[in-house]
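Let's take a walk through this protein together, one piece at a time. Please open the sequence and the model side by side before we start.

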Amino acid sequence: MACFPCSTKSLVVFFIISAIPIAYIISVERAVPATHVYRYHSSGWFRECAKWDDFHRRFIVSLFEGGVAEVQVPDGHSPDVILEETLLVKEAALAGNASLGIAVDGRRNRVLVVNADVMRNRYSSLAAYDLSTWRRLFLTQLSGSGDEKSFADDVAVDEEGNAYVTDARGSKIWKVGVNGEILSIMRSALFTPKEWYKTFVGLNGIVYHPNGYLLVIHTFSGNLFKIELKKGGEVKPVKVGRGKLVFGDGLELISLTKLVVAGNPSGRLVESSDDWETATVTAKFSGPAHRLASAATVKDGKVYLNHLVGMGYPRKTHALVEAVFSPY
């Protein structure tokens with residue numbers, strides 16, 4: 001009985017503390033957004049990635065519960081109208097795995113989708129689908145229960161159609177050919193920070209640069225790497241000044257010299273004038289932090305940040321928020 005008052009007091013304190021962030025989230029959700037937002041209804045809480053498919057005028061969305069969906073954007077759409085998510089792919093062969101990073105390969109009219117066992121890290125794969133028929137083109141297993149633990153996360157595609165998939169658990173990169181064959185695995189001692197606490201989430205967002213190399217972010221260290229494909233996969237750290245890229249997640253190359261890093265904070269703009277030997281964080285954007293920005297895409301010349309967390313019940317509402325950057 002002596003513990004009862006203490007328990008009651010603890011509960012009261014707990015609810016008061018909990019009410020603070022809840023009240024903040026409610027106020028942010030009700031506030032008029034400072035930039036343009038595409039909102040859409042969904043059946044799931046989490047959406048890791050969204051990429052704009054310009055030819056079909058839609059966002060392609062990966063489902064954390066597994067699968068691929070689209071969000072059509074009609075001409076003259078009003079921001080007050082909530083869009084709808086439509087399921088396109090849900091494969092029994094991938095049951096129990098999350099669909100994560102996406103790369104739209106418009107040249108070949110296909111989309112590449114990364115799948116992974118988020119909880120146990122016992123399965124990773126890359127799938128490709130036709131953007132018109134949604135016929136599966138290939139499904140390549142990258143790792144399984146008998147392999148080292150891996151967590152395939154994001155994907156980029158080069159001019160020849162080769163795909164590069166990051167492993168956030170093992171900090172390596174799978175290279176997959178245009179028809180789905182595994183060509184090689186890229187590893188480097190540079191991908192593993194010396195500090196043990198920076199190894200929990202490794203290589204994450206990745207993009208292909210038209211000059212023939214990859215740019216990839218290491219989430220917990222904030223290290224940005226340049227991988228020279230024309231030089232046998234030579235790995236070099238990009239020296240980043242004026243700001244840090246810690247907790248960087250998805251990447252989007254918006255020009256030869258400008259890169260958007262989604263994550264925490266919501267978005268950072270990074271620029272380079274020497275072909276990404278060095279770079280500078282020049283601007284930032286602060287969006288709805290409680291929704292957790294996880295990917296970036298470009299629609300009609302504007303950058304939009306995908307946010308991992310949906311809000312609402314029973315129908316969840318997700319947000320694709322335009323990132324308008326301010327000087328860092």
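How many residues lie between β10 and β11 in the hairpin that they form? There are five residues between these two strands, and in the turn Gly-161 has a positive phi of about 95 degrees. Keep in mind as you look that this is a predicted model.

Stay with this hairpin for a moment. Strand β10 covers residues 152-157, and it pairs with β11 in the antiparallel sense over four bridges. To find your place in the ladder, look for Ala-152, whose bridge partner in β11 is Asp-167.

Now follow the chain onward from β11. This strand also pairs with β12 (residues 172-176), again in the antiparallel sense, here over five bridges. A second hairpin results, with four residues between β11 and β12, and Ser-171 in its turn has a positive phi of about 50 degrees. A handy landmark is Thr-166, which has Ile-173 in β12 as its bridge partner.

What about the side chains of β11? Ala-163, Val-165 and Asp-167 point one way from the strand, while Tyr-164 and Thr-166 point the other way, and all are buried. Since five of the five residues of β11 (residues 163-167) are buried, the strand is largely enclosed by the rest of the structure.

Next, move along the sequence to an open sheet. Four strands make it up, in the order β14-β15-β16-β17, with antiparallel pairing. Its edge strands are β14 (203-209) and β17 (234-237), each of which pairs on one side only. On average, neighbouring strands of this sheet are turned by 25 degrees against each other, direction ignored. If you zoom in on β14 and β15, you will find antiparallel pairing over five bridges, with Tyr-208 standing opposite Leu-214 in β15.

From the sheet we can step into the largest nonpolar core, which has 15 residues. The residues with the most contacts inside this core are Leu-215, Leu-224, Leu-245, Leu-259, Val-270 and Trp-276. The elements that give two or more residues to the core are β15 (213-218), β19 (248-253), β20 (258-263) and β22 (278-285). Of these, β15 gives the most, with three residues.

Leu-224 is a good place to pause. Leaving aside neighbours within four places in sequence, Leu-224 is in contact with Val-216, Ile-217, Lys-236, Pro-237, Val-238, Val-240, Leu-245, Leu-259 and Trp-276.

One of those contacts, Pro-237, leads us back to the sheet, as Pro-237 lies in strand β17. Is Pro-237 buried, partly exposed or exposed? Its relative accessibility is 46%, so Pro-237 counts as partly exposed. Apart from neighbours within four places in sequence, Pro-237 is in contact with Leu-190, Leu-224, Phe-225 and Glu-277. For a sense of scale, Pro-237 and Val-61 are 176 residues apart in sequence and 31 Å apart in space, C-alpha to C-alpha.

Finally, a word on confidence. The protein averages a pLDDT of 92, and 93% of the residues score at least 70. Over residues 1-6 the pLDDT is below 50, and this stretch has zero contacts in the model beyond near neighbours in sequence. Residues 9-20 also have a pLDDT below 50, with zero contacts beyond near neighbours in sequence. Where pLDDT is low, the predicted coordinates should not be read in detail.

Definitions and conventions:
Residues are numbered from 1 along each chain as its sequence is written. This is a predicted model: local features need pLDDT of at least 70, side-chain atom pairs count only at pLDDT 80 or more; totals for chains, interfaces and linings use all residues. Side-chain values use heavy atoms; hydrogens and water are left out. A nonpolar core is a set of buried Ala, Val, Leu, Ile, Met, Phe, Trp, Tyr and Cys residues joined through side-chain atoms within 4.5 Å. Buried means under 20% relative accessible area, exposed over 50%, partly exposed in between (1.4 Å probe, protein chains only). Contact means heavy atoms within 4.5 Å. Two strands pair if DSSP finds at least two bridges between them. Axes are lines fitted to C-alpha atoms, for helices over the stretch in contact, and angles run from 0 to 180 degrees between N-to-C directions. pLDDT is the predictor's confidence in each residue, from 0 to 100.
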